[in-house]
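Subject: Structure handover

Hello,

Please find the structure below, with notes on what turned up in it. The notes start with one residue and then move out to the whole chain.

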Amino acid sequence: MSIENLNWDLPQLPYTLNVTVQEPHIDLMRHTNNVVYLQWLEDVAWAHSAALGLGPQEYQALGHGMVVRQHELNYLAATRLGERIVLGTWLTRADKLTLQRHYQFIREDDGLTVFRGRSEFVCVDIAEGKVRRMPPAFVAAYTGALVEPKL
């Protein structure tokens, strides 16, 4: 199923990654462990950021980075070994210091949304670990990719 045919929460198509549930993802309950979803959040967020021109090397060169302040995780349905999952993410808010990202994960075989989440990021100076305003390159890349969230 193409990503255009999936039932995304927002009218704009998200940035996506495709994953397949592997044996190491499975826990005692025979479904994907909740910690794996957190790793998938990070994977799709970094991939999207890098696609916008702000990967780890650019963070290092600019001396700034975005770090998580808060995650909201909503597990809606179990995923199991071998299932293909489409990880979708959108940037929905940005200001001088913070960034908000929404996530929706859809099981490819039946189109069911299995997970929704939201993350709040804050910009920090990497060397000092202190909150700082986003450099102009961050503002340009991230605000240029903003979409309107559903209310």
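Leaving aside its neighbours within four places in sequence, which residues is Leu62 in contact with? They are Leu54, Ala137 and Phe138. Before going further, please keep in mind that this is a predicted model.

Leu62 belongs to helix α2, which covers residues 56–62. Its relative accessibility is 36%, so Leu62 counts as partly exposed. Leu62 and Ile85 are 23 residues apart along the chain, and their C-alpha atoms are separated by 33 Å.

The whole chain

The protein has 3 helices and 6 strands. Along the sequence they come in the pattern β-α-α-β-β-β-β-β-α. The radius of gyration is 16 Å, close to the 15 Å that the globule rule gives for 151 residues, so the protein is as compact as a globular protein of that length. Along the principal axes, the C-alpha atoms fill a box of roughly 45 × 35 × 25 Å.

Of the 151 residues, 41% are buried. Among contacts with a separation of 6 or more, 67% are between residues 24 or more positions apart. The exposed surface comes to about 8200 Å², and carbon and sulfur atoms supply 53% of that area. As for charge, there are 14 positive and 17 negative side chains. The centres of these two sets lie 7 Å apart.

The cores

The largest nonpolar core has 26 residues. Those with the most contacts inside it are Trp40, Met66, Ile85, Tyr103, Phe105, Phe138 and Tyr142. Two or more residues each come from α1 (34–51), β3 (84–94), β4 (98–107), β5 (113–125) and α3 (136–144). Which element gives the most to this core? It is α1, with 6 residues. A second, separate core has 7 residues, including Leu6, Trp90, Ile106 and Val147.

Tyr103 is one of the residues named for the largest core. Not counting residues up to four places away in sequence, Tyr103 touches Leu41, Val44 and Ala45, and also Gly88, Thr89 and Trp90, among others. Its contacts further along the chain include Phe115, Arg116, Gly117, Arg118, Ser119 and Phe121.

Two residues in one loop

Arg133 lies in the loop between β6 (130–131) and α3, and Met134 is found in the loop between β6 and α3 as well. Are they buried or exposed? Arg133 has 54% relative accessibility and counts as exposed, the cut-off for that being over 50%. Met134, with a relative accessible area of 8%, is buried.

Their contacts, again not counting residues up to four places away in sequence, are as follows.

- Arg133 touches His64, Lys96, Leu97 and Cys123.
- Met134 touches Met66, Asp95, Lys96, Leu97, Thr98, Leu99, Cys123, Val139 and Tyr142.

Lys96, Leu97 and Cys123 therefore appear in both lists. Arg133 and Lys96 are 37 residues apart along the chain, while their C-alpha atoms are separated by 5.2 Å. Met134 and Ser49 are 85 residues apart in sequence, and the distance from C-alpha to C-alpha is 14 Å. Among the residues that Met134 touches are Met66 and Tyr142, both of which are named for the largest nonpolar core.

Two exposed loop residues

Arg30 is found in the loop between β1 (15–20) and α1. What is its phi? The value is near 65°, which is positive in a residue other than glycine. Arg30 is exposed, with a relative accessible area of 67%.

Ala127 is found in the loop between β5 and β6. Its relative accessible area is 78%, so Ala127 is exposed. How far apart are the C-alpha atoms of Ala127 and Leu28? They are separated by 40 Å, with these positions 99 residues apart along the chain counted as the distance in sequence.

Regards

How values were computed
Residues are numbered from 1 along each chain as its sequence is written. This is a predicted model: local features need pLDDT of at least 70, side-chain atom pairs count only at pLDDT 80 or more; totals for chains, interfaces and linings use all residues. Side-chain values use heavy atoms; hydrogens and water are left out. Helices (H or I, at least four residues) and strands (E, at least two) are DSSP runs, numbered from the N terminus. The radius of gyration is taken over C-alpha atoms; the globule rule is 2.2 Å times the number of residues to the power 0.38. Buried means under 20% relative accessible area, exposed over 50%, partly exposed in between (1.4 Å probe, protein chains only). Contact means heavy atoms within 4.5 Å. Accessible areas come from the Shrake-Rupley method with a 1.4 Å probe; for residues, only the protein chains shown count as cover. Lys and Arg count as positive and Asp and Glu as negative; His and the chain ends are not counted. The place of a charge is taken as NZ of Lys, CZ of Arg, CG of Asp or CD of Glu. A nonpolar core is a set of buried Ala, Val, Leu, Ile, Met, Phe, Trp, Tyr and Cys residues joined through side-chain atoms within 4.5 Å.
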